[in-house]
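Trainee: Please give me a close look at the loops of this structure and at what lies around them. I would like one connected account that I can follow slowly on the screen.

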Amino acid sequence: MDEISLQRITQAHPKIRAELLKIYKEANNALGKNVRLRFTQVFRTFKEQDDLFAKGRTTGKKGAIVTQSKGGQSYHNYGLAVDFCLLIDTNGDGTFETPSFDPLRDFDGDRIADWKEVVSVFKKYGYEWGGDWRFKDMPHFQKTFGYNWRKLLELHKAGKVDKQGYVLI
């Protein structure tokens, strides 16, 4: 198991932690022996979100635009979103040293794109996939529990949070 992904699961909203661990295990079981799932991002602070939003939009923040959401407008800000990549063991030594964001590759050779195998597992548990949106966010999943970001922000601003700061949903 990937210790980095397991640690990131602990940053998720308490309502989805156990489910994310289950999804993580199930997705890895669907992938072949030379492919592993890595959660690249789960929780993100409002400031981290604002910094990401500025990328490609403001001077000093070079690069491509990678998000349409400012701080408070992303499900990552509430621990309800996950970004991922695949880790590939290119030389068979068990180190999984090569990240892949390619949604079409079939590294495990089962004739199903590995990305699609991961998407299927997340969708089975009711997660929205960013690949289905008009502004594609292929490595992104979120579980909304019927809340839009405006309602989550309202709850956050009203102090309706648990002891760790996660909104009460």
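Mentor: Helices and strands are runs assigned by DSSP, a helix (H or I) having at least four residues and a strand (E) at least two, and they are numbered from the N terminus. Please also keep in mind that this is a predicted model.

With those names in hand, go to the loop that joins β2 (81-88) to β3 (98-100), where you will find Phe96. Although Phe96 is not a glycine, its phi is positive, at about 50 degrees. Arg111, in the loop between β3 and α4 (114-124), is also a non-glycine residue with a positive phi, here about 70 degrees. The relative accessibility of Arg111 is 81%, and because anything over 50% counts as exposed, Arg111 is classed as exposed.

The loop that holds Arg111 leads to α4, so let us pause at that helix and its partner. The axes of α2 (residues 17-30) and α4 come within 9 Å of each other and cross at roughly 145 degrees, and the crossing is right-handed. On the α2 side the contact is made by Leu20, Ile23, Glu26, Ala27 and Ala30, which meet Glu117, Val118, Val121, Phe122 and Lys124 of α4. Sorted by class, the residues of this contact are seven nonpolar and three charged, with no polar ones.

One of those α4 residues, Val121, gives us a way to a further loop, since its C-alpha atom is 25 Å from that of Gln73, a residue 48 places away along the chain. Gln73 belongs to the loop between α3 and β2. Its relative accessible area is 23%, which falls between the limits of 20% and 50%, and therefore Gln73 is partly exposed. Setting aside residues up to four places away in sequence, Gln73 touches Gln68 and Trp149.

Gln68 in turn brings us to the largest pocket, which holds about 510 Å³ of space. Its lining is made of 22 residues, and those closest to the pocket centre are Thr67, Gln68, Ser69, Trp133 and Asp137. Among the elements that each supply at least two lining residues are α3 (46-54), β5 (140-142) and α5 (149-157). By class, this lining has ten polar, seven nonpolar and five charged residues, whereas the contact of α2 with α4 has no polar residues.

Technical notes. Residues are numbered from 1 along each chain as its sequence is written. This is a predicted model: local features need pLDDT of at least 70, side-chain atom pairs count only at pLDDT 80 or more; totals for chains, interfaces and linings use all residues. Side-chain values use heavy atoms; hydrogens and water are left out. Buried means under 20% relative accessible area, exposed over 50%, partly exposed in between (1.4 Å probe, protein chains only). Axes are lines fitted to C-alpha atoms, for helices over the stretch in contact, and angles run from 0 to 180 degrees between N-to-C directions. A crossing is left-handed if the near helix is turned anticlockwise from the far one by less than a right angle, and right-handed if clockwise. Contact means heavy atoms within 4.5 Å. Ala, Val, Leu, Ile, Met, Phe, Trp, Tyr, Cys and Pro count as nonpolar, Asp, Glu, Lys and Arg as charged, and the others, Gly among them, as polar. On a 1 Å grid over the protein atoms alone, a cavity is a set of points where a 1.4 Å probe fits but cannot get out, and a pocket is an open set with protein on both sides within 12 Å along at least five of seven lines; lining residues have an atom within 4 Å of a point. Grid points are joined across faces, edges and corners, and a volume is the space filled by probe spheres set on the points.
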